[in-house]
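Biologist: I'd like a close look at one part of this model. Which residues line the largest cavity? Please also tell me what surrounds them.

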Amino acid sequence: MTREHGHVAADRWLRLATRGALLLPLAVLAALLVDVAIDAGPRLTWDFLTSYPSRHAERAGILSPLIGSLLLTLGTIAFALPVGVGAAIYLEEYGAGGRLARVIEVNTATLAGVPSVVYGLLGLQVFVRWAALDRSVLAGSLTLGLLVLPLLITASREAIRAVPPTLREAALGLGVDRWTLVARVILPHAAPGIVTGGILAVSRAIGEAAPIILVGAVAYAAFVPFALNSPYTALPLQIFTWVSRPEKAFVHNAAAGIVVLLAVVLTLNLIAAAVRARVEERTGP
């Protein structure tokens with residue numbers, strides 16, 4: 001075998017190995033999803049979605065955790081999106097190279113690697129105790145907002161950097177001021193990338209359990225949270241509670257909760273993807 005044939009064979013084996021390395025995790029994930037779906041089948045009913053949690057597995061539902069997770073997600077985005085986009089605009093358009101910008105960049109990079117349980121401890125001390133928000137939806141939303149803030153800042157900065165320089169130069173050549181440039185040119189063209197960052201932030205926030213446990217989400221809630229200062233529970237915490245129960249019947253409830261959580265995440269992602277497509281259609285790729 002010639003050296004050229006040897007290189008061709010080596011490349012072929014490398015491609016096969018890479019393909020196998022990619023397909024194996026997908027196969028394992030698919031097997032896990034099928035197993036969860038089989039366990040969840042008996043409990044995926046309308047009564048399960050519209051009933052409150054119960055100590056009796058056959059009567060337990062997921063209404064209050066579902067509403068709690070949706071409220072937490074909305075509160076997280078309402079807090080983190082303006083702050084994250086504003087920080088990205090400052091770093092890229094106003095304070096580039098400045099001392100404050102360098103401090104923000106270092107802190108953003110550092111916070112991106114902090115475990116989620118540390119954010120829970122921070123939220124407990126700052127929002128629950130110092131700010132006296134108690135164990136409420138607002139305290140949980142602010143804590144999760146801090147958790148996803150580094151992700152949103154990084155994604156928004158990359159989206160702003162991707163705006164063609166020619167658009168900036170053309171706008172400045174027409175004599176527009178800095179804020180008009182940001183509001184009328186940069187943000188509309190960076191919006192698809194910012195929406196993508198929002199998708200990633202929502203997907204992470206809605207699946208977190210450790211921070212909301214520390215800031216006071218209740219393990220059993222036979223009520224729907226109706227205000228920002230209301231106590232709450234969430235889907236990940238409810239799933240964890242059911243898995244921890246010794247009765248085997250709660251395994252089916254936990255599996256059904258996992259399916260509902262996946263469906264919520266998928267639905268939110270589809271909505272965000274539709275918004276992104278609409279924005280791209282209006283502003284161009």
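Modeller: Helices are DSSP runs of H or I with at least four residues, strands are E runs of at least two, and both are numbered from the N terminus. The model is predicted, so to speak of local features we need pLDDT of at least 70 and for side-chain atom pairs 80 or more, while totals for chains, interfaces and linings use all residues. Residues are numbered from 1 along each chain as written, and side-chain values use heavy atoms, without hydrogens or water.

The setting comes first. The protein has 11 helices and zero strands. From the N terminus on, every element in the run is α. Of its 285 residues, 39% count as buried (under 20% relative accessible area with a 1.4 Å probe, protein chains only; exposed is over 50%, and partly exposed lies in between). Contacts (heavy atoms within 4.5 Å) reach far along the chain. Among those with a separation of 6 or more, 73% join residues 24 or more positions apart.

Now the cavity. It is a set of points on a 1 Å grid over the protein atoms alone, where a 1.4 Å probe fits but cannot get out; lining residues have an atom within 4 Å of a point. Points join across faces, edges and corners, and the volume is the space filled by probe spheres set on them. By this rule there is one cavity of 30 Å³ or more. The largest cavity has a volume of about 40 Å³.

Its lining consists of S69, L72, T73, L144, A205, I206, E208, I212, A234 and P236. Two elements, α3 and α8, each give two or more residues to this lining. Helix α3 gives the most, with three. By class, seven lining residues are nonpolar, two are polar and one is charged (Ala, Val, Leu, Ile, Met, Phe, Trp, Tyr, Cys and Pro are nonpolar; Asp, Glu, Lys and Arg charged; the others, Gly among them, polar).

Follow L72 outward. Besides lining the cavity, L72 contacts V137, G140, S141, L144, I212, Y232 and A234, leaving aside neighbours within four places in sequence. L144, I212 and A234 are lining residues too.

L72 also belongs to the largest nonpolar core (buried Ala, Val, Leu, Ile, Met, Phe, Trp, Tyr and Cys joined through side-chain atoms within 4.5 Å). This core has 27 residues, and L72, L144, V148, I212 and Y232 touch the most other members. Helices α3 (63-94), α5 (116-130), α6 (137-161) and α8 (178-206) each give it two or more residues. The top contributor is α6, with nine. A second, separate core holds 19 residues, including A40, L235, A255 and V265.

P236 leads from the cavity lining to α10. Helix α10 spans residues 235-244, and seven of its 10 residues are buried. They are L235, P236, L237, Q238, I239, T241 and W242. L235 is a member of the second core as well.

Two residues elsewhere add contrast. T108 sits in helix α4 (residues 99-111). T108 counts as buried because its relative accessibility is 12%. Beyond residues up to four places away in sequence, T108 touches P150, I153 and T154. H56 lies in the loop between α2 (46-50) and α3. H56 is partly exposed, because its relative accessible area is 39%. H56 and A249 are 193 residues apart in sequence, yet their C-alpha atoms are 9.0 Å apart in space.

Terms used
1 Å grid on protein atoms, 1.4 Å probe; cavity = no way out; pocket = protein on both sides within 12 Å on 5 of 7 lines; lining within 4 Å.
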